[in-house]
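Colleague: Could you take me slowly through one part of this predicted model, the place where two helices pass each other, and then show me what lies around them?

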Amino acid sequence: MQNVTRSVLALCVSLLVLLAALPVRALEIKEVTSPGGITAWLVEEPSIPIVSMNVVWRGGASLDPAGKEGLAYLASATMDEGAGDLEGKAFQARLSDSAIQLGFDANRDSFSGDLKTLSENTEEAFRLFSLAITAPRFDPEPVERIRGQILASLNRKLSDPGSLASRAWFRLAFGDHPYSRPVEGTIETMSGISRDDLQGFAGTRLGRDNMLIGVVGDITAEQLAPLLDRTFGKLPLQADARAVPPTSPRDEAALEVIDWDIPQSVVVFGGEGVTRDDPDYYAAYVFNYILGGGTFSSRLTEEIREKRGLVYSVYSYLYPLQSAGLMMGGLATGNASVAEALGLVTEVIEELRRDGVTEEELEAAKTYINGSFPLGLATNDRIAGILVSMQYSNLPISYLDERAALINAVTGEDIRRVAARLLDPEKLIVVVAGRPENLEPASTAPEKN
């Protein structure tokens with residue numbers, strides 16, 4: 001089995017070497033400013049008659065008032081359920097009749113909207129998007145219907161060890177900081193969100209000053225500019241979206257065990273990471289790939305899965321929040337092997353901190369990272385998202401041309417330096433949901449609240 005896996009991996013790496021030698025899909029990014037001063041980044045792609053737009057507003061679920069956790073999430077699920085003079089069914093019928101896809105989402109640091117339409121319906125699509133963000137109805141029937149769906153999902157998550165462990169990790173890591181609170185809220189807080197709360201969110205949290213726009217497809221800069229004013233011009237000039245206070249995860253090791261009667265425990269671990277604007281971000285990105293982000297080629301997979309067969313998967317990832325940097329990971333294993341698996345996680349991290357990485361590992365990581373990146377530019381939707389991500393992270397419009405060089409500039413010494421900074425084994429924060437042997441439970445299964 002290992003020989004087959006290594007053969008497949010070798011083939012994948014060889015293909016990515018070829019991909020890395022090719023230029024990233026040539027994208028000319030234009031900055032478009034409307035007559036009213038609204039700015040968007042645009043990639044014109046007339047070969048396919050489709051227009052995609054991604055919009056992000058800074059300030060997400062972490063700004064939900066205490067006791068109203070889940071407000072941004074409920075708003076994102078109900079803003080397209082009727083707007084202006086169109087009730088829910090009529091609004092959805094307009095979208096369906098014109099083959100328009102429109103939706104919203106919320107995470108800890110932002111609130112986002114996505115739009116996709118045939119270019120012949122661009123005017124109507126942008127008009128409906130404008131109605132959704134400036135005049136959402138939040139009628140009782142769709143709000144209660146969707147609230148019921150979210151409550152059912154929250155209730156199911158109370159029996160999902162992965163969800164339990166993830167929520168507990170953020171509570172343990174961040175204490176009373178807003179990052180400790182779940183994006184979807186709880187059954188209690190979701191039940192208490194009113195129509196007035198939703199209208200207040202839409203009226204105050206979505207402004208022109210905290211908005212970032214990316215558009216890709218069969219539309220010109222001249223066509224887009226006036227559309228921006230018609231679509232977003234009615235939003236308030238300034239949003240009530242203060243910054244979340246800067247923070248970091250707790251600065252000491254912690255272990256919490258959620259006692260759950262299941263044969264296999266779920267483990268979430270993590271600690272200090274980097275924010276997106278940290279000078280060490282690219283070194284941390286390569287370091288994470290080598291540690292646990294590279295699936296079958298990572299150190300964690302090699303030691304814990306391939307050599308010992310303790311897990312099906314083990315992984316790590318960077319989680320750069322706006323006001324904190326995290327590096328996290330996870331695994332699932334039998335209760336009898338949790339302690340051993342966690343010990344191996346610590347050993348792998350310590351070895352990387354002590355000995356660094358080999359030149360072969362470093363070059364393979366760079367090849368994969370640069371070679372796989374063009375796959376993320378395969379659709380207009382993805383490109384629109386990348387355009388907004390670049391603006392969100394304050395990256396230059398030339399970033400796509402510069403990214404490969406930034407990755408290639410990472411040295412072995414850079415890896416050693418960030419390994420000493422990140423995911424300190426002496427400060428590792430760990431939550432286990434299950435009944436692991438030789439780990440003392442610190443809490444019991446939560447009540448359904």
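Modeller: Helix α10 passes helix α15 in a right-handed crossing, and the axes of the two, α10 covering residues 281–293 and α15 covering residues 399–408, come within 10 Å and cross at roughly 65°. On the side of α10 the contact is made by Tyr 282, Tyr 285 and Val 286, while α15 brings Tyr 399, Arg 403, Leu 406 and Ile 407 to it. Sorted by kind, the residues of this contact are six nonpolar and one charged, with no polar residue among them.

Both helices also belong to the surroundings of the largest pocket, since α10 and α15 are among the elements that give two or more residues to its lining, together with others including the strands β3 (50–58) and β9 (314–320) and the helices α13 (359–372) and α14 (380–392). About 1300 Å³ of space lies in this pocket, and of the 42 residues that line it, the closest to its centre are Arg 276, Tyr 281, Pro 320, Ser 389 and Ser 393. The lining as a whole divides into 21 nonpolar, 14 polar and seven charged residues.

For a view of another place in the model, take Arg 435, which sits in the loop between β11 (429–434) and β12 (443–444). Arg 435 and Leu 400 are 35 residues apart in sequence, and from C-alpha to C-alpha they are 46 Å apart in space. Because its relative accessibility is 41%, Arg 435 counts as partly exposed. Beyond its neighbours within four places in sequence, Arg 435 is in contact with Asp 259, Trp 260, Asp 261, Ile 262, Ser 265 and Asn 335.

How values were computed. Residues numbered from 1 in each chain as written. Predicted model: local features only at pLDDT ≥ 70, side-chain atom pairs only at ≥ 80, totals over all residues. Heavy atoms only, no water. Helix = DSSP H or I, 4+ residues; strand = E, 2+ residues; numbered from the N terminus. Buried < 20%, exposed > 50% of the residue type's maximum accessible area, 1.4 Å probe, protein only. Contact = heavy atoms within 4.5 Å. Axes fitted to C-alpha atoms, helices over the stretch in contact; angles between N-to-C directions. Left-handed = near helix turned anticlockwise from the far one by under 90°. Nonpolar A, V, L, I, M, F, W, Y, C, P; charged D, E, K, R; others polar. 1 Å grid on protein atoms, 1.4 Å probe; cavity = no way out; pocket = protein on both sides within 12 Å on 5 of 7 lines; lining within 4 Å. Points joined across faces, edges and corners; volume = space filled by probe spheres on them.
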